[in-house]
Amino acid sequence: CDAIYISPPHLQKIFLKHMGITPYQYIMDCRHRKAKEMLQNPCVSIEKIAMQCGFVNNAHFSTAFKQREGIPPLSYKKLLNRDEVE
């Protein structure tokens, strides 16, 4: 906001008007999309995914992921890797 000389509430209003979601929702969507991509790799730990996707910690990542997908990230990862083996 400082770089483009507008207030945070004004940025949020403009962003919401043009994107249909808040900046926070957009960032979380990006983080979640990247996490799902990284979960496809069986060699990458949940902790590393949480850190690289910008979540505060493993618990925050697991909670946010489960809210969106309905299952924890580890279960999601196991499902993906099981499907690849079959």
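**Entry 1: ground rules.** I count a residue as buried under 20% relative accessible area, as exposed over 50%, and as partly exposed in between (1.4 Å probe, protein chains only). I am working with a predicted model, in which local features need pLDDT of at least 70 and side-chain atom pairs count only at pLDDT 80 or more, while totals for chains, interfaces and linings use all residues. Residues are numbered from 1 along each chain as its sequence is written, and side-chain values use heavy atoms, with hydrogens and water left out.

**Entry 2: helix α2.** I looked up α2, which runs over residues 23–38 and has 16 residues; helices here are DSSP runs (H or I, at least four residues), numbered from the N terminus. From its first C-alpha to its last, α2 reaches 23 Å, close to the 22 Å expected at 1.5 Å a residue, where the expected span is 1.5 Å times one less than the number of residues. I then asked which residues of α2 are buried, and found Met28, His32, Ala35 and Met38. They cover an arc of only 120° around the axis, which places them on the same side of α2; the arc is that of the directions from the helix axis to the C-beta atoms. These buried residues pack against α3 (46–52) and α4 (58–69), a contact being heavy atoms within 4.5 Å.

**Entry 3: helix α4.** Having met α4 as a packing partner of α2, I looked at its own geometry, and α4 has 12 residues and reaches 16 Å from its first C-alpha to its last, close to the 16 Å expected at 1.5 Å a residue. Phe61, Ala64 and Phe65 are buried in α4. Viewed down the axis of α4, these buried residues fall within an arc of 100°, so they line one face of the helix.

**Entry 4: salt bridges.** I searched the whole structure for salt bridges and found 3, taking a salt bridge as a side-chain nitrogen of Lys or Arg within 4 Å of a carboxyl oxygen of Asp or Glu. Arg68 is paired with Asp29, with the closest N and O atoms 2.8 Å apart. Arg68 lies in helix α4 and Asp29 in helix α2, so this pair ties together parts that are 39 residues apart in sequence. Both ends reach the surface to some degree: Arg68 is partly exposed at a relative accessible area of 41%, and Asp29 is partly exposed at 24%.

I noted a second pair, Glu69 with Lys36, whose side chains meet in a salt bridge (3.3 Å, N to O). Glu69 lies in helix α4 and Lys36 in helix α2, so this pair joins parts that are 33 residues apart in sequence. Glu69 is partly exposed, with a relative accessible area of 29%, and Lys36 is partly exposed as well, with 25%.

The remaining entry under this heading is Glu37 with Lys34, whose side chains meet at 3.2 Å, N to O. Glu37 and Lys34 are 3 residues apart in helix α2 and are therefore separated by about one helical turn. I recorded Glu37 as partly exposed at 48% and Lys34 as partly exposed at 38%.

**Entry 5: a nonpolar surface patch.** Where on the surface did I find nonpolar residues forming a patch? Met19, Tyr26 and Ile27 form one, with about 280 Å² of accessible area together; such a patch is made of residues with over 30% relative accessible area and no salt bridge, with nonpolar side chains (Val, Leu, Ile, Met, Phe, Trp, Tyr) joined within 5 Å and like charges within 9 Å. The areas come from the Shrake-Rupley method with a 1.4 Å probe, and for residues only the protein chains shown count as cover. Met19 is found in helix α1 (residues 8–19) and is partly exposed, with a relative accessible area of 45%.

**Entry 6: two buried polar residues.** I looked up Asn81, which is found in helix α5 (residues 73–85) and counts as buried at 17% relative accessibility. Leaving aside residues up to four places away in sequence, Asn81 touches Leu39, Gln40 and Pro42. Thr22 is found in the loop between α1 and α2 and counts as buried at 17% relative accessibility. With the exclusion of residues up to four places away in sequence, Thr22 touches Gln12, Phe15 and Leu16.

**Entry 7: a backbone angle.** Most residues other than glycine have a negative phi. I therefore marked Tyr5, whose phi is near 60°, a positive value in a residue other than glycine. Tyr5 sits in the segment before α1 and, at 76% relative accessibility, counts as exposed.

Notes. Helices (H or I, at least four residues) and strands (E, at least two) are DSSP runs, numbered from the N terminus.
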